[in-house]
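Got your viewer open and a selection tool ready? Load the model shown here and follow along, one stop at a time.

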Amino acid sequence: MLQTEQRQKNNAKEELLKREFVRDKVLSNKTSFQVKEAYKALRTNIIFSLPQEGCKKISVTSSIASEGKSTNCLNLAITFAETGARVLIVDCDLRRPNISRLLEKQSSPGLSNTLVGLNSLDDVINKTDYTNLDVIFSGNIPPNPAELLGSDNMGKLIGELEKRYDYIFFDTAPVNIVTDSAVLAKWMTGVVMVVLYNSTDKDTIEEAIKQLEFAEAKILGFILNGVVYGNNGTYKYNYKRYNYKKHRYSPGYGKGRYYYKSRRYGRDYYSSDDGSLKKAAKTKK
Amino acid sequence: MEQFEELDIKRLFKIITQSLSFILVMTLLVGIVAFVYSETMILPSYSSAVTMYVNNNNRSTLLSKTQISSADMQASQRLVETYIEILKSDTVMSEVSVEAERRYGIQYSSKKILSMFSASSVNGTEILKVSITGNNPEHTALIANVVADVAPEKLNEFIETGTVKIIDTAEPGTRVAPNIKRNTLIGFILGFLFSCGVIVIREIFDTRVKSETDLENWFHKSILGIIPEIGNPDSSSSKYYYYRRSYKYGKGYGKSKYMMGGYSYGKQHYAEFVKAAQNVTNRATAEE
């Protein structure tokens, strides 16, 4: 009895700490001057690389998982909202959505629900605690995210949203793993790629860029995320980051699919296989 | 297309200065290993020598000439080498072996003595120096002296020389090997080179993104922003520890699929939703 209580306490504590860590990442009054200014500079650069008129639709993507897309997308949207423009952020990662986790909101019906027609657009747009910023969460996980994102419904939806907002940010899935991002590219004014400092390989990024260029995306540029400064104000050259290679590269591919004894844990959120195939194969034997 | 990436000197220097501790440790380590190995594992070798002068009655020796030409020098060299070959012969060696056993009770086979044996002329003269190198200093002296005794009769037997005079008898052997200082130094140098090599090779194969200039050079697209790392995920503070740990199982650990995203219709309605989702694409194909 005592053990389970202890474990529950530990889990609760763990949850709190994890949430605190996540909360640190989102822009707020507590974030340091350096970070805020970095985002403002980023905002300026993006504004100057986009046309002035009309609604600007920007998708934030990266080559592999866990590079900081969602965090950066959210922070960027917050920074834009501070200018007084009407900003919307849409969580287009229909396989592993993060925006609701970052905003710590219980997400309501979201993008997928309105794309399949079960909810109207107005049901789906939520306000946030930040002024001028609205959010569309991902909604339930559909079995066919890439098809949904490329469907006519999505085009119509974006057409509707264009009338209401000045800037729309789309947080998408990693390009190397699934094609969701490339499918969206045709509606975007620009695509921004997030790269994690001292972590992502050159070849990986090259593949991602090739994929995007093939889908005729207008790549605005890179965001170099997670830079660590050493002494002398230069980059800390050998900053060792905990890489989690398997986690970031593998979902859906070959060997690293199920990691850490994971018929139970390690479902891939980017693949639709939930381990039932593997189980079936094993029981047959 | 594969482009060979250059490693410029500045970057190399930076890398080496940052890995200085590694280099130092490796250098010391290999040096110490070399030292310990030389000290303990290698058996020391000792060497004793006898020098002798072979007086040849039949031929004129250098000493008997008034003018010595280089041809004479070469001839006497050859002579000494002949003597050496004779001494290295099996007959002489077995004689030495037997004598050594008889006189001093030490047992060395003729093959062994041959391996310990080395001889040369001293500075190009007709003086012959025989060295015996072995692991026991006293034995090497004894064997050398035996050679000194055995050599004259044997040489007389084969060449009919006059006399063989011993100049220096053997003393208990001086240590010649292993050279500990030299070995340790080599160890240090090897350690240093090896560690530097490791660092350089590791850096050459590391194609991760290390600066914004890397991105610019590789892809020719603009850098829109550089965002510093918020917090320090590698610090030992527990909030970072738990967050890192959550990566082990994937971010959605513990959540079933219909709960992901935080919103749930509930399991029953999820089936409806899935059907509607599939309908979207079905409708598209139906219209076609």
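The tour below goes from a sheet to a serine, then to charged pairs and aromatic rings.

**Before you click**

This is a predicted model, in which local features need pLDDT of at least 70 and side-chain atom pairs count only at pLDDT 80 or more, while totals for chains, interfaces and linings use all residues. Residues are numbered from 1 along each chain as its sequence is written, chains are lettered from A and ligands numbered from 1 in the order in which they are written, and side-chain values use heavy atoms, leaving out hydrogens and water.

**Stop 1: the sheet**

Switch to a cartoon view and select the strands. Here 8 strands form an open sheet with mixed pairing, in the order 3(A)-4(A)-2(A)-5(A)-1(A)-6(A)-7(A)-6(B). Its edges are strand 3 (125-127) of chain A and strand 6 (223-228) of chain B, each of which pairs on one side only. On average, neighbouring strands of this sheet are turned by 25° against each other, direction ignored. Helices (H or I, at least four residues) and strands (E, at least two) are DSSP runs, numbered from the N terminus, and two strands pair if DSSP finds at least two bridges between them.

Next, select residues 190-196 and 219-227 of chain A. These are strand 6 and strand 7 of chain A, which run parallel and are joined by 6 bridges. For one bridge to look at, take A:Val195, whose partner in strand 7 of chain A is A:Leu224.

Now add residues 202-214 of chain A. This is helix 10 of chain A, which lies across strand 1 (56-62), strand 6 and strand 7 of chain A, at about 170° to strand 6 of chain A. Contact means heavy atoms within 4.5 Å. Axes are lines fitted to C-alpha atoms, for helices over the stretch in contact, and angles run from 0 to 180 degrees between N-to-C directions.

**Stop 2: A:Ser112**

Select A:Ser112 in helix 5 (residues 111-115) of chain A. Is A:Ser112 buried or exposed? A:Ser112 counts as buried because its relative accessibility is 0% (buried means under 20% relative accessible area, exposed over 50%, partly exposed in between, with a 1.4 Å probe and protein chains only). Its side chain reaches the backbone oxygen of A:Asn140 at 2.6 Å. Show the surroundings too: leaving aside residues up to four places away in sequence, A:Ser112 touches A:Leu94, A:Ser138, A:Gly139, A:Asn140, A:Pro142 and B:Phe273.

**Stop 3: charged pairs**

How many salt bridges does a search of the whole structure find? There are 16 over all chains, each a side-chain nitrogen of Lys or Arg within 4 Å of a carboxyl oxygen of Asp or Glu.

Start with A:Lys40 and A:Glu82, whose side chains meet at 3.7 Å, N to O. This pair links distant parts of the chain, 42 residues apart: A:Lys40 is in helix 2 (residues 33-48) of chain A, and A:Glu82 is in the loop between helix 3 (69-81) and strand 2 (87-91) of chain A.

Then pick A:Asp166 and A:Arg86, a salt bridge at 3.1 Å, N to O. A:Asp166 sits in the loop between helix 8 (152-164) and strand 5 (167-171) of chain A and A:Arg86 in the loop between helix 3 and strand 2 of chain A, so the pair ties together parts that are 80 residues apart in sequence. A:Asp166 is partly exposed at 25%, and A:Arg86 is partly exposed at 40%.

Finish with A:Glu160 and A:Arg164, which meet at 3.5 Å, N to O. Both lie in helix 8 of chain A, 4 residues apart, about one turn of the helix. Add A:Asp122 and A:Lys163 to the selection: salt bridges that share partners join A:Asp122, A:Glu160, A:Lys163 and A:Arg164 into one network.

**Stop 4: aromatic rings**

The structure holds 4 aromatic pairs over all chains (rings of Phe, Tyr and Trp, its six-membered ring, with centres within 6.5 Å; planes under 30 degrees apart count as stacked, over 60 as edge-to-face and the rest as tilted). Select A:Phe80 and A:Tyr167, a tilted pair at 4.6 Å centre to centre with 50° between the planes. A:Phe80 is in helix 3 of chain A and A:Tyr167 in strand 5 of chain A, so the pair ties together parts that are 87 residues apart in sequence. Both A:Phe80 and A:Tyr167 are buried.

Then add A:Phe169. The rings of A:Phe80 and A:Phe169 also form a tilted pair, because their centres are 5.1 Å apart and their planes at 55°. A:Phe169 counts as buried at 0% relative accessibility. Keep the three rings on screen for a last view: ring pairs link A:Phe80, A:Tyr167 and A:Phe169 into a cluster.

How values were computed: Polar contact = N/O pair within 3.5 Å; in protein donor to acceptor, adjacent residues only side chain to side chain.
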